[in-house]
Amino acid sequence: MNEMIPFYERFRELAFREMRSVTIRGERDLPDGEYGFLELYCGDPHCDCRRVIIDVVTPTTGSKIWATINYGWESLEFYAKWMGNKELARTCYGATLDMLNPQTQYSSALLELFKSVLQDRAYVERLKRHYWLFKSDLRAKRKAAIRSSGKARRRR
Ligand SMILES: [Zn+2]
């Protein structure tokens, strides 16, 4: 899998302004607190994987990751075609716990919380917008790097 990069590393202000969080009070499955869904996107400019990794964090525990969630908004067929493998496609499609990354005893409850947030179509559209923004920025930077190395060569 490609390296996943936090959205805030490239779009700091936007990332924090548009990060979704949910405040929990008196729920049976989760300690009270504010849970933030930090977005990470894949760092390969040529990879069109159309997914986000969500690190669930809360201000009181800093960088501790409470759950790692994969969310792929395209159809299962899209990921099957993309990956050439229907079983692997299931790890990308929809909202699932990413078992290669940190989880806690609260992961299942946090996955359910995230799924409830996905009912808000505007949030899903926001994630897609962030993905395209992130990818086009990667591609632009890659192009600029190639262009400047070309110039350097010509100068010699
Ligand atoms: Zn990718």
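Strand β3 is mostly covered, with seven of its ten residues buried. The model is a predicted one, and β3 is a convenient place to start reading it.

Three strands pair with β3. Strand β1, residues 4–6, runs antiparallel to β3 over three bridges, and here I5 has Y41 of β3 as its bridge partner. Strand β2 is also antiparallel to β3, with four bridges between them; S21 is bridged to G36 of β3. The pairing of β3 with β4 is antiparallel as well and has five bridges, one of which joins F37 to V56 in β4.

The next topic is the nonpolar core. In soluble globular proteins, nonpolar side chains tend to be buried together. In this model the largest nonpolar core has 23 residues, and those with the most contacts inside it are Y41, V52, I54, V56, I69, L110 and F114. Two or more residues each come from β3 (33–42), β4 (51–57), β5 (67–72), α4 (107–117) and α5 (121–155). The most come from β3, which gives six residues.

Y41 can be followed further. Leaving aside residues up to four places away in sequence, Y41 touches M4, I5, F7, V52, Y131 and F134. I5 is thus both a contact of Y41 and its bridge partner, while V52 appears among the contacts of Y41 and among the core residues with the most contacts.

Helix α4 also contributes to this core. Its buried residues are L110, L111, L113 and F114. These residues lie on the same side of α4, because they cover an arc of only 160 degrees around the axis. The face turned away from that buried side carries the exposed residues E112 and S116. What covers the buried residues of α4 includes strands β2 (21–24), β3, β4, β5 and β6 (94–97). Strands β2 and β4, both paired with β3, are therefore also part of the cover over α4, where a contact is counted when C-beta atoms lie within 7 Å.

Finally, the chain as a whole. It holds five helices and six strands, in the order β-α-β-β-β-β-α-α-β-α-α from the N terminus. Of its 156 residues, 23% count as buried. Among contacts with a separation of 6 or more, 52% are between residues 24 or more positions apart. The C-alpha trace spans about 65 × 35 × 30 Å along its principal axes.

Notes: Residues numbered from 1 in each chain as written. Predicted model: local features only at pLDDT ≥ 70, side-chain atom pairs only at ≥ 80, totals over all residues. Core = buried A, V, L, I, M, F, W, Y, C linked by C-beta atoms within 7 Å. Buried ≥ 20, exposed ≤ 12 C-beta atoms within 10 Å, placed from the backbone. Contact = placed C-beta atoms within 7 Å. Arc of directions from axis to C-beta. Pairing = 2+ DSSP bridges.
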